[in-house]
Amino acid sequence: MIRKFRLAAERHVPVFTHVRSANVVDPGSGIQSVEEAIGAATVTGASLHIVHINSMCTKQSLECLAMIAGARARGSTAAYPCGAAMTYINSAAFNPGWREAQGLDYNDLALPDTGERMTRERFDSLHASPRKQLVLMYVNPESVVEAVMPNPLVIVASDGALGHPRNSGTYSRILAHYVRDLGSITLMDALRKMSLMPAQRMEKATAAAKYKGRLQEGADADIGVFDPRTILDHATYKTPLEPSTGMRFVIVNGVVLIDKGALVPNSFPGKAL
């Protein structure tokens, strides 16, 4: 890992890391894992970005944010506005001792499509199955999520996982819940967290990012036009791909994808950076 961080430092590009573990006790707590990543960045001179801190540090998120703030000359992080993380129930995250390490119990796990909460018997059956099965992990109380999202170090990022409402609901939820309902993030700060901040984070890695996240002449024509009074996310854990409402126009690479609130079918103008 140190060699990878050193390579990033030599190339002047940031390291985006999903830290080693997300337990609430040592060894392997979120705090210890963030400490390890910050240490690697410090000794190599690499610029560090820790992905979805609310999943990685769960109940310790605010303490981990304070650690990143202490190293902020080189660091940043991102989060999504949901209290549940998601992974495969067959994965090593659920090796023996997972309940004690993560501070969770069987009832804190649920199947995303049905909402079925786990019992020990049901968990054992799915964990031993060769068929991959996604499971929701209710790791964060809403109070922690609502404290994390407004933090100035936090970029808003969806992580894009299918089967989770963050895929299609993240950005509308920020505008509806945190800006309009709670007032904990200003409209301009929310837009900055969702556009300019991620673009600026990527600029050293790819010159193409210098043309993203800005509404100005010469920038890429990626534009969203929405009604701040009505924009609303409808994605839930049970129906994670439900589209949001209130977006009037979406233009990607100069091509209209949402026209007066209606999706334009069979058009895919987006390009990977």
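This report walks through a predicted model of one protein chain, from its overall build to two helices and a sheet.

## The whole chain

Let's start with the big picture. The chain's secondary structure adds up to nine helices and 11 strands. Its radius of gyration is 19 Å, close to the 19 Å that the globule rule gives for 273 residues, so the chain is as compact as a globular protein of that length. Along the principal axes, the C-alpha atoms fill a box of roughly 55 × 45 × 35 Å.

How much of the chain is tucked away? Of the 273 residues, 41% count as buried. If you take the contacts with a separation of 6 or more, 66% of them come from residues 24 or more positions apart.

## Helix H2, with a buried side

Helix H2 covers residues 30-44, and its 15 residues reach 21 Å from the first C-alpha to the last, close to the 21 Å expected. Its buried residues are Gly-30, Ser-33, Val-34, Ala-37, Ile-38, Ala-40, Ala-41 and Thr-44. Why do they end up on the same side of H2? Because they cover an arc of only 155° around the axis. An α-helix has 3.6 residues a turn, so residues three or four places apart point the same way.

Flip to the other side of H2 and you'll find Glu-35, Thr-42 and Val-43 exposed. The cover over the buried residues of H2 includes helices H1, H3 and H4, along with strands S1 and S2. Right after H2 comes Gly-45, with a positive phi near 85°.

## Helix H8, with a kink

Now for a helix that bends. Helix H8 runs over residues 166-182, and a straight helix of 17 residues would span 24 Å, yet H8 spans only 19 Å between its end C-alpha atoms. H8 also has a kink of about 45°, centred on Arg-173.

Plenty of names turn up on its buried list, including Arg-166, Gly-169, His-177 and Tyr-178. Among the elements covering the buried residues of H8 are helices H3, H7 and H9 and strands S4, S7 and S8. Just after H8, Gly-183 takes a positive phi of about 70°.

## A four-stranded sheet

Strand S8 also belongs to an open sheet of four strands, in the order S8-S9-S10-S11, with antiparallel pairing. S8 (223-226) and S11 (262-263) stand at the edges with a single partner strand each, so one side of each is left without a neighbour in the sheet.

Zoom in on one pair: S10 (residues 255-259) and S11 are joined over two bridges in the antiparallel sense. In one of these strands, S11, Ala-262 is the bridge partner of Asp-259.

Methods. Residues are numbered from 1 along each chain as its sequence is written. This is a predicted model: local features need pLDDT of at least 70, side-chain atom pairs count only at pLDDT 80 or more; totals for chains, interfaces and linings use all residues. Side-chain values use heavy atoms; hydrogens and water are left out. The expected span of a helix is 1.5 Å times one less than its number of residues. Buried means under 20% relative accessible area, exposed over 50%, partly exposed in between (1.4 Å probe, protein chains only). The arc is that of the directions from the helix axis to the C-beta atoms. Contact means heavy atoms within 4.5 Å. Two strands pair if DSSP finds at least two bridges between them. The bend at a residue is the angle between axes fitted to the seven residues ending there and the seven starting there. The radius of gyration is taken over C-alpha atoms; the globule rule is 2.2 Å times the number of residues to the power 0.38.
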